[in-house]
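Dear colleague,

I am handing over the structure we spoke about, and you will find it directly below. After it I have set out what was found, in an order that should suit someone who is new to it.

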Amino acid sequence: MADAPGTAARDESPWRHGPFRLSLAAAAVALCGYSLLLPVVPMWAVRQGAGTFAAGAATGVFMASTVATQLGTGVLVRRHGYRTAILAGIAFLGVPTPLLIAWTAPEGILTLSLLRGIGFGLLTVCGSALIAELLPPAAVPRGSGLYGLATGLPQLVGLPAGPWLAENWGFVTVFLVATALPAIALVPAALLPPARVTAEPERGGVFLATARQTWRPWLPMLAASTGLGALATFTPILLLAPESSIALLLMPLATTVSRWAAGRFGARWTGRLLTPGRALSGLGLAGYAVFGEGGPVWLAVTSMIVFGIGFGAVQNDSLVSMFQRTTAGRASISWNVAFDAGQGLGAVAVGAIVSGTSYGVAFGLLAVWSLALLPVAVAPRRTG
């Protein structure tokens, strides 16, 4: 009955599963284009004279469209499988992008952001659901950490590279590169098996049941992602180059390493990393608020690193906790809704608050909201 020495360890390695590797490649390349544009589209809106509220609204509309799509992704996947849904997501993410060059009115920028949000919603739900759909349970924590690398590295490159390319090579160059990358991602996506959901969810009360099962890890994830949306949207506006590029490089680096470490070494601590992760991300936002009131640049950069460390732990721990509580598809939808709704909320809220107060006040309120949820970030219990 006993396995041969090392068999269990090998079975727990996500790299043994070829379809999982394809899903990582498709997500990583497609999200490079998304990451380039996340800080650039708000910059583009400001350059077109739309103001800070429109800059925040561009991110907010993108994320609102993303969340609305995520809530309906399960229907598409049940009918057509993950491969079709991912291919559609990549197409929606890339095809509208070059139209930003010509359609520069605020309503044009917001409309194209809405269309791109549909693609992002499909891609993110399917990508994270495939962690649990393609891997055995023992490999899921490491698979989640690797998926964090695949989605974090594009941000590591794209967030600082986007503003730099826009300033030095022009916005048109960024838009064209962000169009080409999703086109390349179609190749590994097309090679995926046409997998469908392994468990058909019940028809009645799905959202209510999912909310009851996942709300404890969901709320900390939502709070953390509000900070990400605000920082990614307004750092290129608040900081000059090269400081903004440095900050937008180090924050996703810290996030990516932290999420990978949480998956690689924290399998035994699932659910217990939410509290320290939330505390660190809230502390980072508080430091950034001080910077917003006239603090030194080094404080902004340091605060974003601290935020990134906490955010990475929250990302991995909340997703694995949700996988333990409900089906892969429903956990993925719940987690991604928290992630993307939070980003949109953070960008819109800061844009609106800044128009009447200051960046320091806006980020200070985000820090208070984040730290106020610390009592919620406790170890979720497995549902039986």
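A residue is called buried here when its relative accessible area is under 20%, exposed when that area is over 50%, and partly exposed in between. With that in mind, 55% of the 384 residues of the chain count as buried. Please keep in mind throughout that this is a predicted model.

As for the overall build, the chain holds 12 helices and 0 strands, and so its pattern, read along the sequence, is α-α-α-α-α-α-α-α-α-α-α-α.

One pair of helices deserves a closer look. Two packed helices are described by the angle between their axes and the distance between the axes. For helix 5 (residues 140-168) and helix 8 (residues 243-265), the angle is about 175°, and the axes lie 8 Å apart. Because angles over 145 degrees count as roughly antiparallel, helix 5 is described as roughly antiparallel to helix 8. The residues of this contact divide into 15 nonpolar, 9 polar and 3 charged.

Helix 5 also takes part in a contact of another kind. Side chains of opposite charge can pair when their charged atoms come close. The structure holds 1 salt bridge, and it is formed by the side chains of Glu167 and Arg47, at 2.5 Å from N to O. The two partners come from distant parts of the chain, since Glu167 belongs to helix 5 and Arg47 to helix 2, with their positions 120 residues apart along the sequence. Glu167 has a relative accessibility of 43%, so that it counts as partly exposed, and Arg47, with a relative accessible area of 47%, is partly exposed as well.

Another link across the sequence involves Pro14, which is found in the loop between helix 1 (7-11) and helix 2 (18-47). Pro14 counts as buried because its relative accessibility is 3%. The C-alpha atoms of Pro14 and Arg142 are separated by 6.9 Å, although the two residues are 128 residues apart along the chain.

Finally, which residues form a nonpolar patch on the surface? They are Ile101, Val172 and Leu176, which together have about 230 Å² of accessible area. Of these, Leu176 has its place in helix 6 (residues 171-190), and it counts as partly exposed because its relative accessibility is 47%.

With best regards

Technical notes: Residues numbered from 1 in each chain as written. Predicted model: local features only at pLDDT ≥ 70, side-chain atom pairs only at ≥ 80, totals over all residues. Heavy atoms only, no water. Axes fitted to C-alpha atoms, helices over the stretch in contact; angles between N-to-C directions. Helix = DSSP H or I, 4+ residues; strand = E, 2+ residues; numbered from the N terminus. Parallel < 35°, antiparallel > 145°, perpendicular 65-115°, else oblique. Nonpolar A, V, L, I, M, F, W, Y, C, P; charged D, E, K, R; others polar. Patch = residues over 30% accessible without salt bridge, like charges linked within 9 Å, V, L, I, M, F, W, Y side chains within 5 Å. Areas by Shrake-Rupley, 256 points an atom, 1.4 Å probe, with all protein chains shown as cover. Salt bridge = Lys/Arg side-chain N within 4 Å of Asp/Glu carboxyl O. Buried < 20%, exposed > 50% of the residue type's maximum accessible area, 1.4 Å probe, protein only.
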